[in-house]
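I am opening this notebook to keep a record of what I look up, entry by entry, in a structure that is new to me. Each entry takes one topic and stays with it.

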Amino acid sequence: MRWRRLAGMGAAILVLAGGTGIATGELPRWTIGGTQMVLPTALEPLPAGPIVLPATGAILFVGDSNTAGSRVGGGGFAYPATFLAALPVGSTVHVHAFGGATVGDVLSRPLPEGAVALAFVMLGTNDAAPRAWLSAKRRIPLETYRTNLAELVQRLQAKGARVVILAPPPLGSRAMQQRLDPYRLAAKQVALACSCLFRDSAAAFMSKPDASWLQRDAMHLSPEAQQQLGLWLVSQTTNAFAAESSSTGKPNPASASQPS
């Protein structure tokens with residue numbers, strides 16, 4: 001019967017596609033709860049000591065949807081909010097992040113007004129376009145990424161900020177991670193060239209390598225991963241968990257700004 005032949009052909013196509021995905025490394029490491037990360041070897045921090053938080057002044061987070069929290073319910077559930085919850089009451093944290101952002105996209109928008117004491121920058125996933133032919137997004141050349149990231153650092157430094165570059169977090173398939181890895185390394189190279197601090201966000205997830213840190217799309221951090229990243233970042237500072245609010249896991253709404 002015709003419908004049986006069509007069903008058989010459909011099944012064969014699915015098997016072939018699945019086999020191709022496995023062979024090329026495109027198939028994500030899906031689990032019941034989401035996606036496991038393909039964890040790379042963590043890049044060494046620059047410098048090795050803790051990040052000194054400013055006694056006064058604003059802290060700024062610059063990034064894409066993982067920083068904006070647009071896939072986990074908003075900025076109140078993203079890692080900058082977890083970071084803020086561990087700071088003394090009255091600390092000021094601003095978020096300048098939006099979904100799909102490349103470094104060039106961030107450069108095309110004005111930074112928040114006012115001085116910045118410390119800035120965290122986590123960009124590169126969208127520049128790498130790790131889905132390749134599975135997405136309409138096109139890869140930004142690696143050298144352009146370096147140039148743009150250095151320009152962004154210079155703009156932040158002009159606002160008085162000490163800049164911490166964070167390597168973009170790991171992804172959920174071997175092929176996607178291979179496309180991202182050069183951009184992770186380039187982020188560290190820019191930090192070194194621009195006299196910035198550098199931390200590898202992958203280090204936040206090494207303690208539980210089998211956890212489903214990513215959502216089903218194999219790119220966006222899960223709610224648990226957002227909290228994990230925020231707490232890990234606090235642990236990289238000199239006053240980690242100093243504030244009583246760190247035990248609540250909730251941001252200080254009077255001090256947190258919405259993503260721009």
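The entries below go from the whole chain to the sheet, then to a pocket and to single residues.

**Entry 1: the whole chain**

I note at the start that this is a predicted model, and I read every entry with that in mind. I looked up the elements of the protein chain and found 8 helices and 7 strands. I then looked up burial, and buried residues account for 46% of the 260 residues in the protein chain. For the contacts between residues at least 6 apart in sequence, I found that 81% join residues that are at least 24 apart.

**Entry 2: the order of the sheet**

Which order do the strands of the open sheet have? I found 5 strands in the order 4-3-5-6-7, and their pairing is parallel. Strand 4 (93-97) and strand 7 (197-200) are at the edges and have a single partner strand each, so one side of each is left without a neighbour in the sheet. I also looked up the twist, and on average neighbouring strands of this sheet are turned by 20° against each other, with direction ignored. As a reminder to myself, strands of a sheet pair through backbone hydrogen bonds, and they do so either parallel or antiparallel.

**Entry 3: pairs within the sheet**

I went through the pairs, beginning with strand 3 (residues 59-63), which pairs with strand 4 in the parallel sense over 5 bridges. In this pair, Ile59 stands opposite Val93 of strand 4. Helix 6 (residues 142-158) packs on the sheet, where it touches strand 3, strand 5 (118-122) and strand 6 (162-167), and the direction of helix 6 makes about 150° with that of strand 6.

Strand 5 and strand 6 are paired in the parallel sense over 4 bridges, and here I found Ala119 opposite Val163 in strand 6. Strand 6 and strand 7 run parallel as well and are joined by 4 bridges, with Val164 standing opposite Leu197 in strand 7.

**Entry 4: burial of two strands**

I looked up strand 6 and found 5 of its 6 residues buried, so strand 6 is largely enclosed by the rest of the structure. For strand 7 I asked which residues are buried on each face. Leu197 and Arg199 are buried on one side, and Phe198 and Asp200 are buried on the other, so that both faces of strand 7 are covered.

**Entry 5: the largest pocket**

How much space lies in the largest pocket? I noted about 240 Å³. The lining of this pocket has 17 residues, and those closest to its centre are Gly100, Asn126, Arg131, Met219 and His220. By class I found 3 nonpolar, 9 polar and 5 charged residues in the lining. Helix 2 (65-68) and helix 5 (125-128) each contribute at least two residues to this lining.

**Entry 6: Thr67**

I then turned to Thr67, which is found in helix 2. Is Thr67 buried or exposed? Thr67 has a relative accessible area of 1% and therefore counts as buried, the cut-off being under 20%. Leaving aside residues up to four places away in sequence, I found that Thr67 touches Phe61, Val62, Ala78, Tyr79, Pro80, Val95, Ala97 and Met122.

**Entry 7: Ala204**

Ala204 lies in the loop between strand 7 and helix 8, and with a relative accessible area of 3% this residue is buried. Beyond residues up to four places away in sequence, Ala204 touches Gln228, Leu229 and Trp232. I also looked up Leu233, which is 29 residues from Ala204 along the chain, and found their C-alpha atoms separated by 7.8 Å.

**Entry 8: Thr238**

My last residue is Thr238, placed in the segment after helix 8 (223-235). Thr238 has 47% relative accessibility and so counts as partly exposed. Not counting residues up to four places away in sequence, the residues touched by Thr238 are Pro50, Ile51, Val52 and Leu53. I noted too that Thr238 and Gly49, although 189 residues apart in sequence, are 9.0 Å apart in space from C-alpha to C-alpha.

Definitions and conventions:
Residues numbered from 1 in each chain as written. Predicted model: local features only at pLDDT ≥ 70, side-chain atom pairs only at ≥ 80, totals over all residues. Heavy atoms only, no water. Pairing = 2+ DSSP bridges. Axes fitted to C-alpha atoms, helices over the stretch in contact; angles between N-to-C directions. Contact = heavy atoms within 4.5 Å. 1 Å grid on protein atoms, 1.4 Å probe; cavity = no way out; pocket = protein on both sides within 12 Å on 5 of 7 lines; lining within 4 Å. Points joined across faces, edges and corners; volume = space filled by probe spheres on them. Nonpolar A, V, L, I, M, F, W, Y, C, P; charged D, E, K, R; others polar. Buried < 20%, exposed > 50% of the residue type's maximum accessible area, 1.4 Å probe, protein only.
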